Amino acid sequence: HLEIGRARILTEDYDGAEVAFRTFLAQLEEDEGGAARMAAHANLATLRNLAQDEDGAIAELEAAMEAFPDEPGPFLLMGQFLHDKGHAKEAAEVLEAGVDLLDEDRPDWRYLEQLGLAHAAAGDAARAAHNLDLVIAFFVSLRRHDRPLDYPPRTAVTRAQLHEDEGELDKAADLYRTLAEGSDKENHLTYHREAARLLLELELFDDARRMLTRSLALVGDDEEVAAAIEAQLEELE
């Protein structure tokens, strides 16, 4: 029934998928199911959300939390859902409640990222910075000398914005420069331009010129953006 539910989602038979997932859950004893039980509740929450039933989605995520009170996964799912729905403060509270369940030696960076993003959206800059810095430190620890740093974009962009709010323009620029060399190639143009903007404010004109020159090579067919970058470069002559 679990696999039938997944298959029906792929064919957009959402009503049939919900029946299959609920049939699966109804057959389980209280302590049965493991990760499959959590997946069923997560899928039901997605289906309830698609049906514009926010309360129903939350009820499924609460059921997952009750079924797995010692696992951080359901707390992460609930936190992500609440954040996506614009309830940042509530999302942060849920995620904070599950922090102690994380592995002390190797906590899930995705959990810490979501917690940092929720605190940032809720206006708690200090807690947001703390958790996002933990994510950044984790990726620094993974760095290989033959490869550039590659931060998760949401972590780095949000942390850069917090640095800028704190007047730490150099640190914000460094994060954008790192992103400009990372795997998120779709947004390399944005990262180059943001780094250039901050470097100009810092009056690091040579560095800004390099970022703008690279930006120009990434513009493609967008004549308006190309003209704006060329104007900035002309000002630096």
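Modeller: A definition first: contact means heavy atoms within 4.5 Å. On that basis V140 is in contact with L149 and Y151, leaving aside its neighbours within four places in sequence. Keep in mind that this is a predicted model.

Biologist: Okay, and what makes V140 count as partly exposed?

Modeller: Its relative accessibility is 40%. Buried needs under 20% and exposed needs over 50%, so a value in between gets the middle label. V140 is found in helix α8.

Biologist: Y151 came up there. Which residues does Y151 touch?

Modeller: Not counting residues up to four places away in sequence, Y151 touches I136, F139, V140, A156, L175, T178 and L179. Y151 also stands out in the largest nonpolar core: of its 49 residues, M78, Y151 and Y176 touch the most other members. Helix α10 (residues 169-180) gives the largest share of this core, 7 residues.

Biologist: And what lies apart from that core?

Modeller: Another core, of 9 residues, with A17, F21, L25 and L47 among them.

Biologist: Now the rings. Why is the pair of W109 and F139 called edge-to-face?

Modeller: There are 2 aromatic pairs in the structure. For W109 and F139, the ring centres are 5.1 Å apart and the planes sit at 80°. Centres have to lie within 6.5 Å to pair, and planes over 60 degrees apart count as edge-to-face, so that's the name the pair gets.

Biologist: What does the pair tie together?

Modeller: W109 is in helix α7 (residues 109-122) and F139 is in helix α8 (residues 125-141), so the pair links parts that are 30 residues apart in sequence.

Biologist: How do you know whether W109 and F139 are buried or exposed?

Modeller: W109 has 18% relative accessibility, and F139 has 17%. The cut-off for buried is under 20%, so both values qualify.

Biologist: What about F138 and F139?

Modeller: They make an aromatic pair too, with 5.4 Å from centre to centre and 90° between the planes, and this one is edge-to-face. F138 and F139 are both buried. Put the rings together and W109, F138 and F139 form one aromatic cluster.

Biologist: On to helices. How do you know that α3 and α5 are roughly parallel?

Modeller: The axes of α3 (residues 35-50) and α5 (residues 73-84) come within 11 Å and cross at roughly 10°. Angles under 35 degrees count as roughly parallel, so the label fits.

Biologist: Which residues meet there?

Modeller: From α3 you have M38, A42 and N49, and they meet G73, P74, L77 and F81 in α5. The residues of that contact divide into 5 nonpolar, 2 polar and no charged.

Biologist: E18 is a glutamate, so what makes it count as buried?

Modeller: The number: E18 has 13% relative accessibility, and anything under 20% goes by that name. E18 lies in helix α2 (residues 14-26). It touches L44, L47 and R48, not counting residues up to four places away in sequence.

Biologist: Last one. Which residues have a positive phi without being glycine?

Modeller: Two to look at are E12, with phi of about 65°, and Q52, with phi near 65°. E12 is in the loop between α1 (2-10) and α2, while Q52 is in the loop between α3 and α4 (54-67).

Biologist: And why are E12 and Q52 called exposed?

Modeller: E12 has 59% relative accessibility and Q52 has 70%. Exposed means over 50%, so both make the cut.

Key
Residues are numbered from 1 along each chain as its sequence is written. This is a predicted model: local features need pLDDT of at least 70, side-chain atom pairs count only at pLDDT 80 or more; totals for chains, interfaces and linings use all residues. Side-chain values use heavy atoms; hydrogens and water are left out. Axes are lines fitted to C-alpha atoms, for helices over the stretch in contact, and angles run from 0 to 180 degrees between N-to-C directions. Helices (H or I, at least four residues) and strands (E, at least two) are DSSP runs, numbered from the N terminus. Ala, Val, Leu, Ile, Met, Phe, Trp, Tyr, Cys and Pro count as nonpolar, Asp, Glu, Lys and Arg as charged, and the others, Gly among them, as polar. Rings of Phe, Tyr and Trp (its six-membered ring) pair if their centres lie within 6.5 Å; planes under 30 degrees apart count as stacked, over 60 as edge-to-face and the rest as tilted. Buried means under 20% relative accessible area, exposed over 50%, partly exposed in between (1.4 Å probe, protein chains only). A nonpolar core is a set of buried Ala, Val, Leu, Ile, Met, Phe, Trp, Tyr and Cys residues joined through side-chain atoms within 4.5 Å.
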